[in-house]
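Here is a short briefing on helix packing, the ligand shell and one annotated span. Please keep the structure open while reading.

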Amino acid sequence: MTETIEVSGLHKRFGATVALDGMTFTAPPGTVTGFVGPNGAGKSTTMRVILGLDRATGGTALVGGHRYPDLDRPLTHLGALIDANALHPGRSGRNHLLWMAHSQGLGAGRVDRVLEMTGMRTVARRRAGGYSLGMRQRLGISAAMLGDPPALMLDEPFNGLDPEGIVWMRSLLRDLAAEGRTVLVSSHLMAELQDIAGHVVFVGRGRVLRAATKDSLTAEFGSLEAAYLELTRGEGALR
Ligand SMILES: Nc1ncnc2c1ncn2[C@@H]1O[C@H](COP(=O)(O)OP(=O)(O)OP(=O)(O)O)[C@@H](O)[C@H]1O
């Protein structure tokens with residue numbers, strides 16, 4: 001079960017704004033790949049293009065060699081957490097997952113297993129509208145894990161988690177990568193990635209500034225935070 005996430009030469013504009021300007025990198029199996037850069041660098045747009053939610057004007061985005069929209073039962077190839085708020089507030093967390101599972105030919109047993117894995121079992125029958133951001137993030141991870149996919153792509157998964165949740169998320173991501181999965185994680189929190197990332201892709205203004213192993217970056221700059229500050233200097237203007 002290995003599925004590499006590969007983006008090559010992605011271009012995307014929103015009107016006059018260039019969101020992606022030749023974005024190219026690979027997230028390999030068996031490691032956490034950190035995807036980092038200032039606000040507006042193009043991280044979320046890249047993830048949305050990979051999922052087929054935004055259409056690039058050029059380039060390719062492949063999961064295990066295939067375009068995500070072409071995959072049969074896509075949740076069994078790539079699990080994604082893009083927007084933890086994308087929930088029907090009146091529906092329970094469990095019903096939200098049951099509906100997703102059904103669309104992929106997966107049963108209620110798998111739903112209960114992922115709810116257990118993310119610590120959501122006891123609150124899963126409550127209305128999702130009453131969930132804290134941390135609970136919504138955990139439900140989003142549950143959804144991403146539904147199809148037991150070999151690749152995961154998570155946009156800011158540490159957002160809204162309390163310290164216990166952050167420790168839990170770190171060890172979950174580390175374990176998922178240790179199982180051989182591809183784990184692509186965007187974050188602004190270099191301290192969270194320092195311990196768990198094997199590779200880091202730094203981006204700014206829609207393209208890659210540097211992609212390297214965490215060890216080589218730490219050897220060169222001292223820490224990921226120092227690497228971030230050096231590599232993204234001047235790239236941070238909100239666009
Ligand atoms: N739907 C949209 N309409 C117009 N512009 C957009 C849209 N989505 C993204 N953009 C613009 O594209 C650029 C890249 O945005 P994107 O959200 O991909 O960056 P990001 O790296 O994820 O930022 P952040 O760290 O703030 O989440 C920004 O200039 C943003 O304003």
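**Helix packing and the ligand shell**

Helix α2 (residues 93-103) packs with helix α4 (residues 133-145) at an angle of about 20°, and their axes are 10 Å apart. The two helices are therefore roughly parallel, as angles under 35 degrees are counted that way. The model is predicted. Three helix pairs, the surroundings of the ligand and a database record follow.

**α2 with α4**

- The crossing of these two helices, α2 and α4, is right-handed.
- On the α2 side, the contact uses Gly93, His96, Leu97 and Met100. Their partners in α4 are Leu139, Ser142 and Ala143.
- By class, this contact between α2 and α4 has four nonpolar residues, three polar ones and no charged ones.

**α2 with α3**

- Helix α3 (residues 108-117) also packs with α2, at an angle of about 135° and with the axes 9 Å apart.
- That angle makes α2 oblique to α3, because it falls in none of the parallel, antiparallel or perpendicular ranges.
- The crossing of α2 past α3 is right-handed.
- α2 brings Arg94, Leu97, Leu98 and Ala101 to this contact. α3 brings Ala108, Arg110, Val111, Val114 and Leu115.
- Seven residues of the contact of α2 with α3 are nonpolar and two are charged, with no polar ones.
- Leu97 of α2 appears in the contact with α4 and again in the contact with α3.

**α7 with α8**

- Helix α7 (residues 214-221) and helix α8 (residues 224-231) have axes 8 Å apart, at an angle of about 75°.
- α7 is therefore roughly perpendicular to α8, since the range for that term is 65 to 115 degrees.
- From α7, the contact takes in Lys214, Leu217, Thr218 and Phe221. From α8, it takes in Leu224, Ala226, Ala227 and Glu230.
- The contact of α7 with α8 has five nonpolar residues, one polar residue and two charged residues.

**Ligand shell**

- How many residues surround the ligand? There are 12, and the closest are Phe14, Ala19, Asn39, Ser44 and Thr45.
- Strand β2 (17-27) and helix α1 (43-50) each give at least two residues to the shell around the ligand.
- Which element supplies the largest share of the shell? That is α1, with three residues.
- Sorted by class, the shell around the ligand holds seven polar, three nonpolar and two charged residues.

**Annotated span**

- An unreviewed UniProt entry carries the annotation "domain: ABC transporter" for residues 5-230.
- In the model, the C-alpha atoms at the ends of residues 5-230 lie 26 Å apart.
- Helix makes up 35% of this span, and strand makes up 27%.

How values were computed:
Residues numbered from 1 in each chain as written. Predicted model: local features only at pLDDT ≥ 70, side-chain atom pairs only at ≥ 80, totals over all residues. Axes fitted to C-alpha atoms, helices over the stretch in contact; angles between N-to-C directions. Helix = DSSP H or I, 4+ residues; strand = E, 2+ residues; numbered from the N terminus. Parallel < 35°, antiparallel > 145°, perpendicular 65-115°, else oblique. Left-handed = near helix turned anticlockwise from the far one by under 90°. Contact = placed C-beta atoms within 7 Å. Nonpolar A, V, L, I, M, F, W, Y, C, P; charged D, E, K, R; others polar. UniProt positions renumbered as here; feature names shortened; annotations may be inferred. Near = placed C-beta within 6 Å.
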